[in-house]
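Trainee: I have a structure to learn from. Can you take me through the reasoning behind the terms?

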Amino acid sequence: RVIGRYFKKVLTSLLHAGVGSRPLEAQIEALSDDEEYPWSAFMEALALASASVRHDDLVAIGRRIITSSKPEFERWGFDSAEAILADFDAPFGASIIDPPDHERAITAKYERGYAVFRVGHTHPAGLIEGYLRGIVEMYGGRVDDLACHQVVMNGQPFHLLEMRWWTPARPIARRRAPSGPYVRKVA
């Protein structure tokens, strides 16, 4: 199932970038933000809406979707790119509920600055690339290298995305010295 807010955000962006489809636009507009919709309906609409969108535009759309969602990521407890990338499936579990196992977006391998992600083949590769780039960039980082490979595992097609990135070190919070009438000052 897919939460309406995510369904609408992704499909509206794709329809504006591509050829568009009046009937599909009307269906998307009628969705409720907080309702859940069938995975199959989302996948069909995603395939239709992304078919006429160029790869570079898919990347740009993915970046915009992610960076505009930073407040949601932070509300869910993700405070860095690393927190999101170490478990790529976790933040999307809030928008995409129980997709088929072969359609999940998972972190297959992770170390700071390098990861491999396995994503279901029905997601456009450019959109996923944009999501990954957007995650790194919204925390002040940069993607140094990103490659997408089409693979088949256990009879299912997947995108296998390998990414190297850099993010600035997070500042360490300094503890303030205690003050007030009950603090004894030592000379």
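Mentor: Start with a crossing. Helix α1 passes helix α3 in a left-handed crossing. Keep in mind that this is a predicted model.

Trainee: What makes the crossing of α1 and α3 left-handed?

Mentor: The turn of the near helix decides. A crossing is left-handed if the near helix is turned anticlockwise from the far one by less than a right angle. The crossing of α1 with α3 is left-handed, so that is the turn here.

Trainee: Which residues make the contact?

Mentor: From α1, they are Tyr6, Phe7, Val10, Leu11, Leu14 and Leu15. From α3, they are Ala41, Phe42, Ala45, Leu46, Ala49 and Ser50. By class, 11 are nonpolar, one is polar and none is charged.

Trainee: Why is Ser50 of α3 not counted as nonpolar?

Mentor: Ser is in neither the nonpolar list nor the charged list, so it counts as polar.

Trainee: Why is α1 called roughly parallel to α3?

Mentor: α1 (residues 4-17) and α3 (residues 39-50) pack at an angle of about 15°, with axes 9 Å apart. Angles under 35 degrees count as roughly parallel. Therefore α1 is roughly parallel to α3.

Trainee: What lines the largest pocket?

Mentor: It has 15 lining residues; Tyr6, Ser69, Glu72, Trp76 and Ser95 lie nearest its centre. The largest share, three residues, comes from α1. The lining divides into 10 nonpolar, two polar and three charged residues. The volume of this pocket is about 210 Å³.

Trainee: How do you know that Glu72 counts as charged?

Mentor: Asp, Glu, Lys and Arg count as charged, so Glu72 does too.

Technical notes. Residues are numbered from 1 along each chain as its sequence is written. This is a predicted model: local features need pLDDT of at least 70, side-chain atom pairs count only at pLDDT 80 or more; totals for chains, interfaces and linings use all residues. Side-chain values use heavy atoms; hydrogens and water are left out. Axes are lines fitted to C-alpha atoms, for helices over the stretch in contact, and angles run from 0 to 180 degrees between N-to-C directions. Helices (H or I, at least four residues) and strands (E, at least two) are DSSP runs, numbered from the N terminus. Angles under 35 degrees count as roughly parallel, over 145 as roughly antiparallel, 65 to 115 as roughly perpendicular and the rest as oblique. Contact means heavy atoms within 4.5 Å. On a 1 Å grid over the protein atoms alone, a cavity is a set of points where a 1.4 Å probe fits but cannot get out, and a pocket is an open set with protein on both sides within 12 Å along at least five of seven lines; lining residues have an atom within 4 Å of a point. Grid points are joined across faces, edges and corners, and a volume is the space filled by probe spheres set on the points.
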